[in-house]
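Here are my comments on the model you sent, set out as numbered points. They begin with the pocket, then turn to the sheet and to two individual residues.

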Amino acid sequence: MTNPLPAWSALQTHYEQIRDEKLRDWFAPANDPAPTRAERFTFAGAGLGADFSKNRITDATLKLLVQLAREAGVEARRDAMFKGEVVNPTEGRAALHTALRATEADAPFHAQIAAERAKMAKFADAVRSGAWTGYTGKRIRHVVNIGIGGSDLGPKMVVHALKHLELPEITSHFVSNVDGADLWRTIENIDPEETLAIIVSKTFTTLETMTNALSMRDWFVKHGCPQGELAKHFVGVSANPAEVVKFGIAKENVFEMWDWVGGRYSLWSAVGLSIMIAIGPQQFDELLAGAHDMDKHFREAPLEKNLPVLLGMIGIWYRNFFGSQSYLVAPYSEALHFLPSYLQQLEMESNGKSARLDGKFVDYATSAITWGEPGTNGQHAFFQMLHQGTTIVPIDFIAVLTPEHPLADHQPKLLANCFAQSEAMMLGRTEEEAKKIAGPDKPELVPHIMFPGNRPTTTLLVDALTARSLGALIALYEHKVLVQASVWDINPFDQWGVELGKILGKVVEADLNAASADVKPHDSSTAALIARARAALKR
């Protein structure tokens with residue numbers, strides 16, 4: 001890194017000193033006789049617990065990481081965001097997703113947000129009670145959320161996670177992919193007379209979303225819904241109400257998005273209408289309350305005990321000093337199945353940048369590749385590589401202590417796997433231990449059953465998967481993104497990288513449908529792909 005901050009240089013020196021140290025030695029009674037390591041590196045906030053003790057850190061490491069956060073201006077960037085200052089300079093915008101869950105009357109846009117949420121609640125109650133009906137008078141039993149990116153990933157993740165709170169009379173569906181199979185697999189199993197579609201798009205021009213929305217509108221008409229009755233089956237969430245009305249949605253059924261909330265931070269807004277219908281306005285308020293709890297913790301807790309700061313800075317430690325290219329999110333909860341995919345967008349769309357705020361290019365690594373799968377499924381898929389492969393991948397284990405389902409006897413098995421995996425990642429298996437297992441008759445087996453260990457993990461503990469605890473967990477990762485962006489001196493609130501493909505996609509689509517003489521020139525590879533696809537589409 002060019003012209004590093006003092007703490008960065010100190011961390012580099014510190015890394016050279018401890019990089020070959022072993023976690024199992026730090027936990028050994030000789031080095032931790034009390035023992036106190038787990039206690040010293042376990043913190044709590046907003047109802048969540050975080051055990052950082054199985055990370056390759058010492059007290060000195062944590063002190064230097066917190067010093068780096070201060071020198072990089074994490075506190076100033078945090079405070080500017082909460083105040084509604086322009087923290088997205090490339091688009092000249094604030095980033096006020098935190099205002100969506102604020103309870104203080106002086107919070108930015110408080111009255112506007114409260115009015116929109118009241119409108120959402122009134123509509124959600126009407127759908128949930130059966131007062132809102134389709135064109136034949138039947139109650140709504142299927143809600144189809146049509147969006148993509150933040151207009152899909154957040155609501156889908158939350159509704160799946162809180163399914164135990166879902167109204168049983170209504171089933172939620174989520175359609176995002178422009179591949180017709182996504183929409184078709186949904187509509188072939190539902191009744192249009194009992195279906196409500198929520199079209200979510202900030203501009204109401206997003207290719208994938210509007211293609212699916214138009215196809216769904218055609219589906220309603222084909223199945224007998226008169227054009228004049230379509231408004232009973234469609235509502236829109238957008239920052240472009242004129243386009244929503246033009247589509248055929250009644251003006252009173254347009255819910256507002258604002259340009260000061262980015263898509264991947266928007267589930268707290270009207271983008272979460274499908275969430276509110278699924279779990280009800282009261283539980284939606286609990287979701288917001290949990291996020292607000294984490295907002296307060298992020299603003300008020302000392303950096304030394306601040307969960308988003310510690311989570312973010314330990315990520316910096318591995319990305320920029322150990323050179324780790326990815327990190328894994330492993331929720332030991334099937335309810336959190338979609339959390340890794342949600343975090344992929346949140347982290348990589350936010351911090352997958354190479355230009356600093358001053359317009360100069362970085363000469364250091366930014367966003368790590370985010371990936372994951374729920375436990376215990378991952379153990380039977382890719383954990384082999386995590387244990388014995390040549391790549392070190394830091395892991396966030398997420399454990400929910402109390403089940404949200406009645407099969408309580410499964411929970412000890414689930415938690416045992418989670419805790420044992422983090423222990424195994426830390427301990428490994430030495431050559432001496434492997435020899436004892438292999439026995440004298442099979443010395444050739446020893447290299448294959450040795451584990452290097454020293455693989456870093458963080459364990460996040462959630463007492464129970466409630467709307468409130470889920471809100472806090474999501475906000476924890478949102479704020480982690482800001483912490484890391486501050487250190488990397490990048491803008492986590494824009495996403496220019498998605499634009500070029502969209503622009504070129506329109507050109508290619510036109511070429512796929514054009515007469516041969518009208519096809520635009522492309523590189524030889526793209527031209528050949530277009531030609532082959534044109535031939536297939538004409539069959």
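**Notes on the predicted model**

1. The lining of the largest pocket is made up, by class, of 13 nonpolar, 15 polar and eleven charged residues. Please keep in mind that this is a predicted model, and that the totals for linings use all residues.

2. The largest pocket holds about 1,100 Å³ of space, and its lining comprises 39 residues, of which Thr206, Gln495, Val498, Glu499 and Lys502 lie nearest the centre. Among the helices, α9 (207-222), α14 (339-351) and α20 (499-513) each contribute at least two residues to this lining, and α20 gives the most, with six residues.

3. Turning to the sheet, six strands are arranged as an open sheet in the order β1-β2-β11-β10-β8-β9, with mixed pairing. The edges are occupied by β1 (42-45) and β9 (369-372), each of which has a single partner strand, so one side of each is left without a neighbour in the sheet. From one strand to the next, the twist averages 20°.

4. Within this sheet, strand β2 (residues 48-51) pairs with strand β11 (residues 457-464) in the antiparallel sense, over four bridges, and Asp51 is found opposite Thr459 in β11. Helix α14 packs on the sheet, where it touches β8 (326-332), β9 and β10 (395-402), and the direction of α14 makes about 175° with that of β9. Helix α14 is therefore worth viewing twice, since this helix packs on the sheet and also supplies at least two residues of the lining of the largest pocket.

5. Is Val244 buried or exposed? Val244, which is found in helix α10 (residues 241-247), has a relative accessible area of 0% and is therefore buried, the cut-off being under 20%. Leaving aside neighbours within four places in sequence, Val244 is in contact with Phe204, Gly236, Ser238, Ile249 and Val254. Leu273, for its part, is 29 residues from Val244 in sequence and 16 Å away in space, taken C-alpha to C-alpha.

6. Glu229 is placed in the loop between α9 and β6 (234-238), and α9 is one of the helices that supply at least two residues of the pocket lining. With a relative accessibility of 26%, Glu229 counts as partly exposed, because that class lies between the 20% and 50% limits. The C-alpha atoms of Glu229 and Met294, which are 65 residues apart along the chain, are separated by 43 Å.

Conventions:
Residues numbered from 1 in each chain as written. Predicted model: local features only at pLDDT ≥ 70, side-chain atom pairs only at ≥ 80, totals over all residues. Heavy atoms only, no water. 1 Å grid on protein atoms, 1.4 Å probe; cavity = no way out; pocket = protein on both sides within 12 Å on 5 of 7 lines; lining within 4 Å. Points joined across faces, edges and corners; volume = space filled by probe spheres on them. Nonpolar A, V, L, I, M, F, W, Y, C, P; charged D, E, K, R; others polar. Pairing = 2+ DSSP bridges. Axes fitted to C-alpha atoms, helices over the stretch in contact; angles between N-to-C directions. Contact = heavy atoms within 4.5 Å. Buried < 20%, exposed > 50% of the residue type's maximum accessible area, 1.4 Å probe, protein only.
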